[in-house]
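Reader: Please take one part of this model and go through it closely. I would like a plain account of how its pieces are arranged.

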Number of protein chains: 2
Amino acid sequence: MHIATLAIVGVGLIGGSIARAARQRGVADRIVGVDQNAEALGLARNGGLLDEGWQNLTAAVTSADLIVFCTPVDCIANQVLAVQPHCRPGAVLTDVGSTKARIVAEIEQNLSANVQFVGSHPLAGSEKQGPLHADADLFLNRLVVVTPTPQTDVGALQRIIDFWQALGASVLQLSPKEHDDALALTSHLPHLVAAALAGVLPPHWYELTATGFRDTTRLAASNPSLWTSIFRANPTAVLHGLDRFISQLQHFRDAIADDDRAALLTLLEQGKKVKDDLR
Amino acid sequence: MHIATLAIVGVGLIGGSIARAARQRGVADRIVGVDQNAEALGLARNGGLLDEGWQNLTAAVTSADLIVFCTPVDCIANQVLAVQPHCRPGAVLTDVGSTKARIVAEIEQNLSANVQFVGSHPLAGSEKQGPLHADADLFLNRLVVVTPTPQTDVGALQRIIDFWQALGASVLQLSPKEHDDALALTSHLPHLVAAALAGVLPPHWYELTATGFRDTTRLAASNPSLWTSIFRANPTAVLHGLDRFISQLQHFRDAIADDDRAALLTLLEQGKKVKDDLR
């Protein structure tokens with residue numbers, strides 16, 4: 001895998017980590033970054049993540065062979081469509097958005113033959129934000145889901161697969177909808193649950209929390225604005241997952257209200273079995 | 001703080017860690033352990049945690065000055081009441097149960113003047129089990145709640161406070177009911193939530209989980225039988241906390257169904273604020 005010029009749009013934790021990983025693994029000759037936030041751009045340049053930093057999106061991407069969009073899910077499609085007239089012919093574009101169906105559909109409906117797009121979602125991240133936390137090993141041994149459709153160019157798909165593998169990840173292919181249905185339950189719902197649980201804790205009990213509460217609510221520290229966009233971009237699957245979860249909570253509620261030892265034990269064993277199988 | 005003979009009833013993770021901490025900090029001259037499980041007892045003796053290990057509860061406690069019950073919450077009151085005729089006069093008894101109101105009430109209704117009891121709950125633990133995971137620093141800088149009542153002997157209370165402080169913990173005094181109300185939300189509810197969330201994940205999506213799902217459901221690995229007893233020992237407060245949580249989830253549900261950006265952002269910011277304040 002070799003890229004002459006890699007462009008990263010949005011130089012936060014994920015974009016910065018892609019830059020650092022690509023640099024350390026010699027994947028790209030030149031790494032260009034774009035960010036509206038001059039401070040993040042400055043940090044990324046001073047940290048050696050970027051060869052060039054731009055605030056202007058279209059100017060930055062003109063020379064890029066591979067462009068990765070690491071911006072909020074409600075910005076990605078618009079940005080991809082805005083830059084495509086300025087891209088080199090044959091440029092391959094991807095993103096790292098936590099939702100895929102809407103983004104991929106919006107882009108494919110309006111993509112010119114000049115460039116190729118393949119959706120990606122690395123299952124890696126942190127509640128930490130910004131390029132200061134950029135980690136060259138963020139993708140190492142992690143899964144990246146890529147979401148080709150019948151329209152996807154086979155060569156571009158292979159190039160994106162090679163790219164993520166070159167950063168140390170393994171790659172799984174799913175349709176955009178399969179991705180969104182699964183991630184609603186494995187990622188979006190846990191974020192919602194963590195935020196809801198943290199949100200009901202009154203301040204006078206803060207000192208009575210221990211590692212259990214802190215781990216269960218770790219994801220509540222995530223960026224509220226980013227997660228608002230993610231829930232809004234995948235509402236049907238998130239609501240479906242949330243309803244399954246509330247129904248499971250109601251089973252717990254009934255078992256406790258009825259003092260039903262066998263039912264409680266079964267519900268707890270069901271959770272433990274999943275947990276044990278996941279190890 | 002100095003104890004001639006410390007007896008530990010139930011030599012699992014918590015009991016084993018008390019033994020190891022007491023040993024390392026020179027808190028007790030002699031440490032005696034009791035467990036029905038011969039294998040756990042053997043591991044604890046071979047690991048140097050205990051000077052003596054017994055399967056017979058009453059025989060083990062006759063020489064003890066301080067006895068700590070580290071058994072499931074539905075066993076503690078019966079065991080305390082069963083051993084009291086065999087204890088030395090003036091022996092001080094405590095426990096580490098995750099619920100307090102029922103245990104303390106049942107014991108105080110039947111306690112002879114021969115011995116003293118003070119309820120305790122160290123906010124420390126792990127989803128790991130057994131004396132092999134015993135950790136001398138498990139209580140270091142952790143909070144232990146002790147739950148005196150108007151009946152509690154002042155000298156015994158001070159002795160129990162000194163004991164936990166000698167193991168490295170800080171001590172907070174709450175009434176048994178205050179303890180149970182708070183822990184329902186800060187500990188029992190997170191266990192329930194983790195088990196419910198793990199329980200709704202279908203096997204074909206296991207590979208699409210990442211650290212977010214794993215952290216949010218960490219507590220689902222806990223012992224189902226122990227947690228069944230805990231929920232049954234504190235049903236009113238757990239149901240109250242669960243209802244608050246389900247109501248918060250319904251607010252999320254409405255905001256997603258209505259595509260209400262402002263409401264979603266407010267809910268996520270509410271969770272993040274608690275998380276940030278907890279740091």
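Author:
**The sheet of chain B**

In this predicted model, chain B has an open sheet of eight strands with mixed pairing, and their order is β3-β2-β1-β4-β5-β6-β7-β8. The edges are taken by β3 (52-54) and β8 (170-173) of chain B; each has a single partner strand, so one side of each has no neighbour in the sheet. Direction ignored, neighbouring strands of this sheet are turned against each other by 25 degrees on average.

One pair of strands can be followed in detail. Strand β6 of chain B covers residues 116-122, strand β7 of chain B covers residues 143-147, and the two run antiparallel, joined by four bridges. Within this pairing, B:His121 has B:Val145 of β7(B) opposite. Helix α5 of chain B, residues 101-108, packs on the sheet and touches β5 (92-95), β6 and β7 of chain B. The direction of helix α5 makes about 170 degrees with that of β6(B).

For a single residue, turn to chain A. A:Thr62 lies in the loop that connects α3 (57-61) with β4 (66-69) of chain A. Its relative accessibility is 40%, so A:Thr62 counts as partly exposed. The side chain of A:Thr62 comes to 3.2 Å from the backbone oxygen of A:Ala59. Leaving aside residues up to four places away in sequence, A:Thr62 touches A:His86 and A:Arg88. A:Thr152 is 90 residues apart from A:Thr62 along the chain, and 22 Å separate the C-alpha atoms of the two.

Conventions:
Residues numbered from 1 in each chain as written. Chains lettered and ligands numbered in written order. Predicted model: local features only at pLDDT ≥ 70, side-chain atom pairs only at ≥ 80, totals over all residues. Heavy atoms only, no water. Buried < 20%, exposed > 50% of the residue type's maximum accessible area, 1.4 Å probe, protein only. Contact = heavy atoms within 4.5 Å. Polar contact = N/O pair within 3.5 Å; in protein donor to acceptor, adjacent residues only side chain to side chain. Pairing = 2+ DSSP bridges. Axes fitted to C-alpha atoms, helices over the stretch in contact; angles between N-to-C directions.
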